[in-house]
Amino acid sequence: MSQPAARAAEPLAAQFQTNPPREVPTRRNTELVLLGFATFIVTIALVLVEANQEQELTASIIWLGLAYLGVLTGAHLAVRKWAPYADPVLLPCVALLNGIGLVMIHRIDLALAERATQQGRDYTPAVTAQVLFTVISLVFFVVVLIVVNDHRTLTRYGYTAGLIGIVALALPALLPSSLSEVNGAKVWLKLPFFSIQPGEFAKILLMVFFASFLVSKRDLFMVAGKKLVGVELPRARDLGPILIAAFACIGILVFEKDLGTSLLFFSVILVMLYVATERVIWVVLGLSFFAVGCVIAYNLFSHVQQRVANWLDPLATYDQAGGGYQLAQGLFGLGTGGVGGTGLGAGRPDMVPEANTDFITASIGEELGFIGLAAVLMLYLLVAMRGMRSALAVRDTFGKLLGGGLAFTMVMQIFVVVGGVTKLIPETGITAPFLSKGGSSLLANYILVALLLRISDAARKPASRPKPQQQPQAPIAEAHTVLVQRPPAEGGAQA
């Protein structure tokens, strides 16, 4: 080692000698306690549902409770081993949301099974498949924690992730309706043994791409062009990415008939662009492009006009095919629940079509009331805030952008879902993360949480202590020379 490098390392080594770094607690025991509390809440909710619906406690409570506790224990052990410094609040919040979703799906299963019995039909409970999807999702959750041992390695595959994400996003629109359309939206990929929504995974891949792209090309978006009314506009040649994103999202809206996905993708792209550049003009331009595209789509396509008509007055289109029946029934359910709710198992959420998927938040609002629904929304807010906190604390720019985008996705997705159910915005068809029935959404969101935990682990992990530096020996040419006088001989001293 050269002398300048040794001198630079001396102050750092001296700092660690006089003020050694304190041990940062991993907080895994806190996470375990919170997971136990979530399991207790879910078990009590199952007991209430069974007591109100069946008037007795059945063995299904034991089966569901043990399955829920088992998969969460496995997830906790994986985090303890492969992400020991990860945020201790993220996984318990997600686990509680997933548990509440299982409880509501089971509750709706009981009502639908009773109706099927009265009509002389058979009914297959959806909660069994949802528990299986939860197990599969947590397996992928653990795989992501193991494979992605450092989130910065994802920058190597940024463009590959972007290409795969665009193909996955566009594939349902290119396939015939028999292979991709369900309930009017062409967002599915129907395979022989199962169906999957490629867009759920495309959102994560595209966030990885945009985060790596903005890190490498950030200076392009920082350059200002001409001024208009005191506002510095971007240069025309730098508008390419935002225009491509706008056209892609309008294409989703037009060809896949999916307003929610297009709104979700475009808002996440705008937020990541704003975080990277801190220029509000990009957000203003993006929203302007999206608004113009929506107006054009409304004037050209009938299904967009139908969604807007249902939003403006669902009772006017109540009896029409594809009309406002679902939205109106959801609003009636929310009104029935009021502030305190009817109680778990004491409402009629089964009267709302797709009550366990698109409108599961209406079911929660009916039986748990405004207080219960607000508590569920607070759980989502807590997940997003902890994710954004980790994004701010992580040391690299890619981690900040990716973590911020992943956390904002959770907020935007639940805003689109609840906004459509409560008639704040037109109905979207997006499912609530971790609550709604469905394997694609559950799997994609558990992968999202695994990446957030990986980023939070990197943010909370203490910096490695530098190795003690050995003082290098000076070269012979630079060594000091000491002259030593020879002592006088004995004979000469006597003389």
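Here are some friendly notes on this predicted model, point by point.

1. Let's begin with the overall picture. The chain is built from 18 helices and six strands. Of its 495 residues, 46% count as buried. About 25300 Å² is exposed, and carbon and sulfur atoms supply 65% of that area. Among contacts between residues at least 6 apart in sequence, 73% join residues at least 24 apart.

2. On to the interior. The largest nonpolar core holds 105 residues, and Phe-141 and Leu-402 touch the most other members. Helix α4 (residues 90-118) gives this core its largest share, 14 residues. A second, separate core has six residues, including Leu-169, Ala-202, Leu-206 and Phe-265. If you would like to look around Leu-402, its partners beyond four places in sequence are Leu-154, Met-207, Val-208, Ala-211 and Ile-455.

3. The surface has a nonpolar patch that is worth a look. Trp-82, Leu-132, Phe-133, Val-135, Ile-136, Val-139, Phe-140, Val-143, Ile-146 and Val-147 make it up, with about 830 Å² of accessible area together. Nine residues, the largest share, come from helix α5 (residues 126-147). Ile-146 is in helix α5, and this residue counts as partly exposed because its relative accessibility is 40%.

4. Which parts of the chain does the salt bridge between Arg-107 and Glu-367 link? The two side chains meet at 2.5 Å, N to O. Arg-107 sits in helix α4 and Glu-367 in helix α15, 260 residues apart, so to speak of distant parts of the chain is fair. Arg-107 counts as buried, at 1% relative accessibility, and Glu-367 counts as buried at 1% as well.

5. A second pairing also involves helix α4. Asp-350 and Arg-115 form a salt bridge at 2.6 Å, N to O. This pair links distant parts of the chain, with Asp-350 in the loop between α14 and α15 and Arg-115 in helix α4, 235 residues apart. Asp-350 is buried, with a relative accessible area of 8%, whereas Arg-115 counts as partly exposed at 30% relative accessibility. Arg-348 belongs here too: a network of salt bridges links Arg-115, Arg-348 and Asp-350.

6. Helix α17 (residues 439-460) holds a pair within one helix. Asp-457 and Arg-454 form a salt bridge there, with the closest N and O atoms 3.3 Å apart. The two residues are three places apart, about one turn of the helix. An α-helix has 3.6 residues a turn, so residues three or four places apart point the same way. Asp-457 is buried, with a relative accessible area of 2%, and Arg-454 is buried at 4%. The chain has nine salt bridges in the count.

7. Next, helix α14 (residues 325-337). Its 13 residues reach 18 Å from first C-alpha to last, close to the 18 Å expected at 1.5 Å a residue. The buried residues of this helix are Gln-326, Leu-327, Ala-328, Gln-329, Gly-330, Gly-333, Leu-334 and Gly-337. Their cover includes α13 (302-312), α15 (360-393) and α16 (397-421). Just after α14, Gly-338 takes a positive phi of about 65°.

8. Is Pro-314, in the loop between α13 and α14, buried or exposed? Pro-314 is buried because its relative accessible area is 6%, under the 20% cut-off. Beyond four places in sequence, Pro-314 is in contact with Ala-309, Gly-324, Leu-327, Ala-328, Leu-331 and Lys-423. The C-alpha atoms of Pro-314 and Tyr-325 are separated by 6.8 Å, with their positions 11 residues apart along the chain.

Note on methods: Residues are numbered from 1 along each chain as its sequence is written. This is a predicted model: local features need pLDDT of at least 70, side-chain atom pairs count only at pLDDT 80 or more; totals for chains, interfaces and linings use all residues. Side-chain values use heavy atoms; hydrogens and water are left out. Patches are made of residues with over 30% relative accessible area and no salt bridge: like charges are joined within 9 Å, nonpolar side chains (Val, Leu, Ile, Met, Phe, Trp, Tyr) within 5 Å. Accessible areas come from the Shrake-Rupley method with a 1.4 Å probe; for residues, only the protein chains shown count as cover. A salt bridge is a side-chain nitrogen of Lys or Arg within 4 Å of a carboxyl oxygen of Asp or Glu. Helices (H or I, at least four residues) and strands (E, at least two) are DSSP runs, numbered from the N terminus. Buried means under 20% relative accessible area, exposed over 50%, partly exposed in between (1.4 Å probe, protein chains only). A nonpolar core is a set of buried Ala, Val, Leu, Ile, Met, Phe, Trp, Tyr and Cys residues joined through side-chain atoms within 4.5 Å. Contact means heavy atoms within 4.5 Å. The expected span of a helix is 1.5 Å times one less than its number of residues.
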